[in-house]
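Let us walk through this structure together, one part at a time. Please keep the sequence and the 3D view open as you read.

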Amino acid sequence: MTIRIGAVNYLNTKPLIYELEALAPSAELVLDVPSALADRLAAGELDVALIPVIEYFRAGTYSVVPDISIASRGPVLSVTLFSRVPWAGIRTVALDEGSRTSAALAQILLRKRHGVTPAILPLSMTQQAEDIEADAVLLIGDRAMRACLPGFAYAYDLGQEWHDWTSLPFVYAFWAVRPGVELGDVAEALAESKRRGCAKCGEIAQREAAGLGLDAGFCRRYLNNIIHFDLGPREQAGLHHYYMMACELGLAPRGGTLKLYEEPKLATT
């Protein structure tokens, strides 16, 4: 059976899919935005996908490939809330429709840290953020890194905001596996792709920068020093804290746990 792998076509994903098609030649790699990947995994169109972590808890049936994530331990640069007013003055916020984890994070920060509950508006992937009538707009991924939005007086990096508040890392996405799927060699291919990609961040940055309209040196520092790709104890602590607050606000159902994917053991006689 062909394993269908779904990944995000953002710069911060490139180290996790480095040479993946060569490492898993029998698999099919599909690129899409985070929210679409979550929907396609839920619909059974994908077998393993790099999905927003909030969608893992909402589904409640997936397992997680160990020790791989997209996380930050401070600023993230690619998740930014641009605002015309300070936090306390935000009454309307437009959330990037490509995002779900960061959309929930923005609501957690607004409601639990700053005590405001603004009206939520959608911001489509093709809509210009400057054109929307809202106090604040959330942008994610490469679009956030390219954006300037001079009409918005404030630019809040949500990775930094989270870390300043909790002193914990923040996990944005990880590989989730549908129940009943056996990854076989693909599990090791995902781990090896991460190992190779993290060792080749300079090469990846040089290759991707021009197409993104970003400086290659900036892209390398982003991949080497800003984004972290592990899912260790500190990342798991930050993930649990985020999940608990999402539950309190009704953004995720209670009772979820982090279940790591394991290869089925062969029966012995």
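What follows looks at a sheet, then at one of its strands, and then at a cavity. Please bear in mind that this is a predicted model.

A good place to start is the open sheet of five strands, whose pairing is mixed. If you trace across it, you meet the strands in the order S8-S7-S9-S6-S10. Strand S8, residues 119-123, and strand S10, residues 154-157, form the edges, and each of them pairs on one side only. As you look from strand to strand, you will find that neighbours in this sheet are turned against each other by 25 degrees on average, with direction ignored.

Now let us settle on strand S6, which sits between S9 and S10 in the order of the sheet. Towards one neighbour, S6 (residues 79-83) is joined to S9 (residues 136-140) by five bridges, and the two strands run antiparallel. Two residue pairs help you to find the register here: Val79 is opposite Ile140 of S9, and Thr80 has Leu139 of S9 as its bridge partner. Towards the other neighbour, four bridges link S6 with S10, again in an antiparallel arrangement. There, you can use Ser83 as a landmark, since this residue stands opposite Tyr154 in S10.

How many residues of S6 are buried? The count is five of the five, so the strand is largely enclosed by the rest of the structure. To be called buried, a residue must have under 20% relative accessible area. Both faces of S6 are covered. Val79, Leu81 and Ser83 point to one side, Thr80 and Phe82 belong to the other, and all of these are buried.

From the strand we can move on to the empty space inside the model. Searching the whole structure for cavities of 30 Å³ or more turns up one. The largest cavity holds about 220 Å³ of space. Its lining is made up of 21 residues, and those nearest the centre are Tyr10, Pro34, Ile140, Tyr172 and Ala173. You have already met Ile140 as the residue of S9 that lies opposite Val79. Strand S3 (48-52), helix H4 (101-113) and strand S11 (170-177) are the elements that give two or more residues to this lining. What classes of residue make up the lining of the largest cavity? There are 13 nonpolar residues, seven polar ones and one charged residue.

Technical notes: Residues numbered from 1 in each chain as written. Predicted model: local features only at pLDDT ≥ 70, side-chain atom pairs only at ≥ 80, totals over all residues. Heavy atoms only, no water. Pairing = 2+ DSSP bridges. Axes fitted to C-alpha atoms, helices over the stretch in contact; angles between N-to-C directions. 1 Å grid on protein atoms, 1.4 Å probe; cavity = no way out; pocket = protein on both sides within 12 Å on 5 of 7 lines; lining within 4 Å. Points joined across faces, edges and corners; volume = space filled by probe spheres on them. Nonpolar A, V, L, I, M, F, W, Y, C, P; charged D, E, K, R; others polar. Buried < 20%, exposed > 50% of the residue type's maximum accessible area, 1.4 Å probe, protein only.
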